[in-house]
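Thank you all for making the time this morning. I would like to take you through one chain, and I will ask you to keep the sequence and the model in view while I talk.

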Amino acid sequence: MAELAVLAKTLLAQGVSEECAARTLHHKCRKLGVQYKHAAPPLLQEYIYYAMAKKYGDPLGLSFEDLCKKKSYAEIIASSSRPIADLDKRLTVEGFREWFKILKNRENKA
C-alpha cells in the first residue's frame, strides 16, 4: 500500500489528471487485493469474497464508476493508497459462521 501512496504522488507531480491517477490507483488497489486474498487459505478466500460481495455487490469491492458516485477523485486516490483500517470489523467470526452455514446448507441440498 505504501507503494501506491508513492505512485499517487508521482503521477500527480507528473501532471497526470486526478481522474487518471484515481483510475490507476483504484485498478492497482483491486489487483493488490486479489493477490492478498489469494494468499489466504481457500476457505478464508471464499469467505472474504462473500463478505465483499455482500457489502459492495462485487467480490472485489466497488467499481471505479460506483466509487465516483460517493467520492471525489482525491478521496479515491487517498483510500486506494492506504490499508483498510477496520478489517477486523468487516471480517468477523459471526460473519464467517453465517457464511459457513449458508455454504453447508447449499452442500446439503446438492
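I will begin with the chain as a whole, then turn to two of its helices, and finish with two single residues.

Please bear in mind throughout that this is a predicted model. The chain has seven helices and zero strands, and so, reading from the N terminus, the order of elements is simply α-α-α-α-α-α-α. Along its principal axes, the C-alpha trace spans about 55 × 25 × 25 Å. Of the 110 residues, 25% count as buried. If we take the contacts with a separation of 6 or more, 64% of them are accounted for by residues that lie 24 or more positions apart.

Let me start with helix H2, which covers residues 18–39. It has 22 residues, and the distance from its first C-alpha to its last is 31 Å, close to the 32 Å that one would expect at 1.5 Å a residue. Which residues of H2 are buried? They are Ala-21, Ala-22, Leu-25, His-26, Leu-32, Gly-33 and Lys-37, and because these cover an arc of only 135° around the axis, they sit on the same side of H2. I would draw your attention to the fact that His-26 and Lys-37 are in that buried group, whereas His-27, Lys-31 and Gln-35 are exposed on the other side of the helix. As for what covers the buried residues of H2, the list includes helix H1 (2–13), H3, helix H4 (64–68) and helix H5 (73–80).

H3 brings us to the next part, since this helix, residues 42–56, also meets helix H7, residues 93–109. Their axes come within 10 Å and cross at roughly 100°, which makes H3 roughly perpendicular to H7, because angles from 65 to 115 degrees are counted that way. On the H3 side, the contact is made by Leu-43, Glu-46, Tyr-47, Tyr-50 and Lys-54, and on the H7 side by Gly-95, Phe-96, Glu-98, Trp-99, Phe-100, Ile-102 and Leu-103. Sorted by character, the residues of this contact divide into eight nonpolar, one polar and three charged.

Staying with H7, its 17 residues should span 24 Å at 1.5 Å a residue, and its end C-alpha atoms are indeed 24 Å apart, so the two values agree. The buried residues of this helix are Gly-95, Trp-99 and Leu-103, and they cover an arc of only 70° around the axis, which puts them on the same side of H7. What covers them includes H3, and Gly-95, Trp-99 and Leu-103 are themselves among the residues that make the contact with that helix. The face turned away from the buried side carries the exposed residues Glu-94, Arg-97, Lys-101, Asn-108 and Lys-109.

Finally, two single residues. Is Arg-106, which lies in helix H7, buried or exposed? At 57% relative accessibility it counts as exposed, because the cut-off for that class is over 50%. Arg-106 and Ala-21 are 85 residues apart in sequence, and their C-alpha atoms are 42 Å apart in space. Lys-55, which is found in helix H3, is likewise exposed, with a relative accessible area of 53%. Between Lys-55 and Met-1, which are 54 residues apart along the chain, the C-alpha separation is 22 Å.

Notes:
Residues are numbered from 1 along each chain as its sequence is written. This is a predicted model: local features need pLDDT of at least 70, side-chain atom pairs count only at pLDDT 80 or more; totals for chains, interfaces and linings use all residues. Side-chain values use heavy atoms; hydrogens and water are left out. Axes are lines fitted to C-alpha atoms, for helices over the stretch in contact, and angles run from 0 to 180 degrees between N-to-C directions. Helices (H or I, at least four residues) and strands (E, at least two) are DSSP runs, numbered from the N terminus. Angles under 35 degrees count as roughly parallel, over 145 as roughly antiparallel, 65 to 115 as roughly perpendicular and the rest as oblique. Contact means heavy atoms within 4.5 Å. Ala, Val, Leu, Ile, Met, Phe, Trp, Tyr, Cys and Pro count as nonpolar, Asp, Glu, Lys and Arg as charged, and the others, Gly among them, as polar. The expected span of a helix is 1.5 Å times one less than its number of residues. Buried means under 20% relative accessible area, exposed over 50%, partly exposed in between (1.4 Å probe, protein chains only). The arc is that of the directions from the helix axis to the C-beta atoms.
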